[in-house]
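Hi everyone, thanks for making room for me today. I'd like to walk you through one structure, so please have a look at it first.

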Amino acid sequence: MSRPVLSVRNVRVSFGGLAALDDVSIDVVPGEVVGIIGPNGAGKSTLLNVVSGFVEPQSGEVRLEGREITGLLPYRRARLGIARSFQDARLFPAMTVRETLLGAFHERFTSGMFSEGLGAPLAREQEDAAQGAIDALLHLVDLHPYLDHRVSDLSFGTTRALEMAALAARRPRLLLLDEPASGLQQSEVAVMGDLIHRLRGGAATVVIDHDVPFVAALSDRLVAMDLGRVVAVGRPDEVLAAPAVIDSYLGGAAPVAAGGER
Amino acid sequence: MIWIQYLVFGVGIGAMFSLLAAGIVLVYRASGVLNFAHASTGVLATYVNFELLERYEWMPVWVALLGALATGALTAVVVQRLVFAPLREASQVTKLLVSFGVAGAIQGVIGLVWSRLGTPALEKSLFPIQRSVNIAGARVPYQRIALIVFGIAVTVALTWLMQRTSFGIQVRALAQNRLAARLAGINEARIEASTWALAGATAALAGVMLIPFGVLNPLSLMGVQLKALAVALVGGFVSLPAALVGGLGLGTAQELIAGAPAPFNGLSGALATALVVVLLLTKVERFFVSEQEARAIQGEARSFGAGRGSVMVGTGRGWLAGFAVVALAVSLVSGFWAFVTARTLVYALLGLSLVVLTGWSGQVSLMPGTFAGVGACLSWVLSERLGYPFGLVLPLAALATVPLCALAGFVALRLRPLYLAVATIALAGLFEETLFRQDWFANGGRPMTVARPGFLEGDHAFALATVAVVALLFAFTALLARSRTGRALWMVRDNPQAAAAAGVNPLKYRLAAFGLSAFYAGMAGVLFAYLLETFSSAAFGFLILSLAAFGLAVVGGIRSPLGPAIGAFGFVFLTEVFRSSGTVSDWSAVGLGVGLVVVLARDPDGVTGLLSRLAGRWRVGGPAGDEEVGVVDLDELASAVRTQEAAHV
């Protein structure tokens with residue numbers, strides 16, 4: 001088996017005495033899609049936040065391609081090749097679609113404030129290169145009609161597609177998708193799965209969502225969590241049939257409906 | 001026994017701080033407005049009080065006081081109904097900025113009315129100021145004692161009202177959960193109006209009692225109000241007991257220090273502002289207010305509403321071409337108009353510093369004038385004290401402004417938006433009362449003189465040089481807007497978390513915005529110094545320069561470099577054009593104030609936003625700013641998704 005892209009080891013996070021993640025370990029190997037399912041409070045979002053650097057674990061470690069990244073700030077992890085989406089898909093409301101896509105190339109270029117403000121050749125070349133790169137991107141997702149519209153004026157589905165395109169633009173090593181199907185209509189959910197497959201470009205992917213059939217169809221492997229612990233790992237059909245998973249959804253815990261976690 | 005006198009004075013002033021702070025707290029609780037127009041309301045009422053006494057000789061002081069209280073209450077209610085009721089959903093920072101506009105408008109109205117009537121005399125104060133009582137060997141005027149008694153009694157009464165009565169409970173319910181309070185049958189409009197009326201009346205009382213110790217003019221209580229803000233901050237703008245304790249403590253400490261021997265007495269002015277900075281950094285309000293309550297009232301953190309259209313930025317070449325036209329115009333007009341043009345451009349540059357800082361990185365700083373003052377003083381230090389030539393002073397003084405002002409940046413990175421705005425007011429005060437009074441830095445506050453070099457001696461030559469410098473900086477900014485840096489700033493402004501997840505370091509860009517904005521403002525200060533040739537640090541005060549710069553940038557449109565250019569033209573150039581009528585500065589204060597209110601309430605992109613929407617309508621087929629994009633089915637998008645793999649991007 002090849003070296004894992006993402007390796008989470010014995011991570012613990014607690015918020016004021018309440019364990020959100022309790023000794024969680026997960027590996028993601030190159031090219032695979034790992035789906036994480038579980039009822040509210042299972043710790044799915046917290047796990048994503050720990051990997052992307054928005055929440056620091058009290059103990060345990062996170063490695064990206066063997067390199068320890070625990071303790072690095074979110075923007076540093078992004079530069080090492082982690083890309084993540086957000087549940088709210090708010091993006092940058094006052095920016096246009098074009099600016100948002102150009103912004104996705106931030107880390108790939110090096111021009112600084114002075115070369116840009118003075119119109120130095122280097123800065124201009126890089127700006128042209130970025131424009132060329134978004135043209136290539138627009139071949140994959142046709143956002144042409146909206147290029148000069150502000151993000152806050154887009155429909156929710158289009159915003160999600162834009163978010164995916166901006167993530168793909170960065171050609172990440174590890175893609176983290178935080179409820180990509182939430183807020184979409186049923187007809188759009190299937191399309192979103194298709195879009196993810198086309199845009200992820202073979203990157204190792206972790207996806208969490210409340211829509212279990214959606215995640216199961218998308219994933220090579222499923223990880224089921226409950227109350228901060230991993231309760232089952234394996235092929236989607238195996239995990240969905242596991243007694244611990246059925247218990248976590250139907251057992252003593254609060255019943256779960258599809259929808260937002262917050 | 002002199003210290004007893006200082007003590008009584010201090011407690012009296014402190015009681016007035018508490019009283020004003022109590023009014024600010026009441027309004028903040030009921031409406032979430034940190035009301036900077038509170039003092040101006042009091043000043044207007046004070047004018048009415050003394051006008052009545054002067055006109056009607058027979059009128060007892062108590063009757064005039066009733067007139068003043070009614071004026072204060074009525075003004076506050078009108079402001080609440082007219083201005084803040086429609087802004088209920090706006091962010092707190094927007095409301096604070098709107099209240100600056102209201103303050104400017106009230107001050108302008110006072111100026112307009114009483115420049116005709118003549119400022120009334122402060123002869124009949126409520127209690128005698130000339131006659132005094134002997135306390136332990138110290139002479140204390142009766143009104144000094146009245147300050148203590150009234151200030152404390154009214155503040156305590158307000159505290160009781162908020163804690164123990166049904167009215168207070170309703171105000172608190174409204175503050176914590178507006179929707180739930182409405183559903184529980186609380187008459188929101190009535191409660192808010194009563195609270196504002198109460199606050200306006202207390203401001204009137206403070207004005208009528210305190211102003212007779214000083215002078216009456218439209219800006220009378222502003223200094224006191226800055227201290228009252230500091231005091232209100234002790235309780236996180238929420239706790240009244242904290243405001244009482246803080247006010248008495250600050251007043252007493254300030255007066256006792258003022259009575260101390262020479263090297264220390266100078267510190268008394270800086271005390272309040274230093275206090276604010278410490279309070280903000282230590283989050284002292286947590287001792288008085290539960291986190292939950294503070295957050296409920298704090299509300300939405302969004303610092304600034306975005307306008308509806310896309311912004312007009314212009315190209316680097318476009319700006320250079322535009323300024324070439326200005327240069328041509330300058331060389332054709334008289335020396336006076338060349339001077340006015342240069343002054344307009346300095347204001348525009350000061351406004352541009354706010355485009356970068358507030359418009360692009362979303363940080364509301366109210367100290368651009370202070371930064372300019374630092375630049376101006378540094379140019380005096382470098383040229384007159386160190387003998388550097390103009391060619392060196394210009395870049396060096398502007399650059400040296402950056403590290404000095406980085407202090408503000410470091411404070412800023414730790415604060416919530418509303419607190420950042422308050423902190424910059426406090427820091428502006430701190431600079432004014434310390435650095436701007438130093439002999440080595442600002443000639444001890446006395447006038448400073450810098451000499452233009454020979455080839456720039458004439459107003460025409462200097463105006464042309466100003467055009468050149470300002471043109472370069474505007475072009476620089478326009479280029480930034482179409483680059484990696486500009487986009488990174490906007491990403492951090494719109495959504496810091498998503499920006500970080502895309503590899504942008506939020507701290508770096510917030511700090512860079514502060515640095516660039518300090519450089520622009522510093523450069524504006526240097527140009528201002530050489531334009532005036534003789535100036536004093538007082539010209540760069542918060543109330544004098546910063547508010548004007550902020551107002552003109554916002555009215556013009558703070559997300560586009562075009563905004564401050566338009567704003568400066570309107571505020572500085574047109575003011576000169578209309579100067580023939582005597583009350584021009586009052587009219588421009590009213591205009592700027594009302595403009596600020598209207599822009600912030602309607603479209604945060606100001607005049608520029610209006611222009612770009614008109615242009616969008618003009619351009620057939622172009623993207624119009626107003627147009628809503630219809631709901632798009634994702635299927636449509638998916639059909640456009642080609643079969644290539646993203647790896648080929």
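Let me start with a term: two strands count as paired if DSSP finds at least two bridges between them. Keep in mind, too, that what you see is a predicted model.

With that, let's go to the sheet in chain A. Six strands make up an open sheet here, in the order 6-7-8-3-9-10, and their pairing is mixed. Where are the edges? They are strand 6 (82–84) and strand 10 (229–234) of chain A, and each of these pairs on one side only. Going from one strand to the next, the twist averages 20°.

Now zoom in on one pair in that sheet. Strand 3 (residues 33–37) and strand 9 (residues 221–226) of chain A run parallel, joined by 4 bridges. If you want a spot to click on, take Gly35(A): the bridge partner is Leu222(A) in strand 9 of chain A.

There's a helix to look at here as well. Helix 1 (residues 44–52) of chain A lies across strand 3, strand 6, strand 7 (174–178), strand 8 (204–208) and strand 9 of chain A. Against strand 7 of chain A, helix 1 runs at about 145°.

Okay, hairpins. In chain A, strand 1 (residues 6–15) and strand 2 (residues 18–28) run antiparallel, and 7 bridges join them. Ser14(A) has Ala19(A) as its bridge partner in strand 2 of chain A. These two strands form a hairpin with 2 residues between them, and Gly16(A) in the turn has a positive phi of about 55°.

Chain B has a hairpin too, made by strand 1 and strand 2 of that chain, again with 2 residues between them. Which residue in the turn has a positive phi? That's Ala136(B), at about 50°. Strand 1 (residues 132–135) and strand 2 (residues 138–141) of chain B run antiparallel, with 4 bridges joining them, and Asn134(B) stands opposite Arg139(B) in strand 2.

Next, the empty spaces. Rolling a probe the size of a water molecule over the atoms shows where empty space is left. In this model the count comes to 7 cavities of 30 Å³ or more.

The largest cavity has a volume of about 180 Å³. Which residues lie nearest its centre? Of the 18 that line the largest cavity, they are Leu91(A), Phe92(A), Leu167(A), Ala498(B) and Ala502(B). Two or more lining residues come from each of helix 3 (97–103) and helix 6 (156–169) of chain A, and from helix 22 (496–501) of chain B. Helix 6 of chain A gives the most, with 3 residues. By type, the lining of the largest cavity divides into 10 nonpolar, 3 polar and 5 charged residues.

The second largest cavity comes in at about 100 Å³. It has 14 lining residues, and Phe109(A), Glu127(A), Ala130(A), Arg484(B) and Arg487(B) lie nearest its centre. Helix 5 of chain A gives the most to this lining, with 4 residues. The split for the second largest cavity is 6 nonpolar, 4 polar and 4 charged.

Last thing: confidence. Chain A averages a pLDDT of 88, and 95% of its residues score at least 70. Where does pLDDT stay under 50? Over residues 253–262 of chain A, and for that stretch the model has 21 contacts beyond four places in sequence.

That's my tour, thanks for listening!

Note on methods
Residues numbered from 1 in each chain as written. Chains lettered and ligands numbered in written order. Predicted model: local features only at pLDDT ≥ 70, side-chain atom pairs only at ≥ 80, totals over all residues. Heavy atoms only, no water. 1 Å grid on protein atoms, 1.4 Å probe; cavity = no way out; pocket = protein on both sides within 12 Å on 5 of 7 lines; lining within 4 Å. Points joined across faces, edges and corners; volume = space filled by probe spheres on them. Nonpolar A, V, L, I, M, F, W, Y, C, P; charged D, E, K, R; others polar. pLDDT = per-residue confidence, 0-100. Contact = heavy atoms within 4.5 Å. Axes fitted to C-alpha atoms, helices over the stretch in contact; angles between N-to-C directions.
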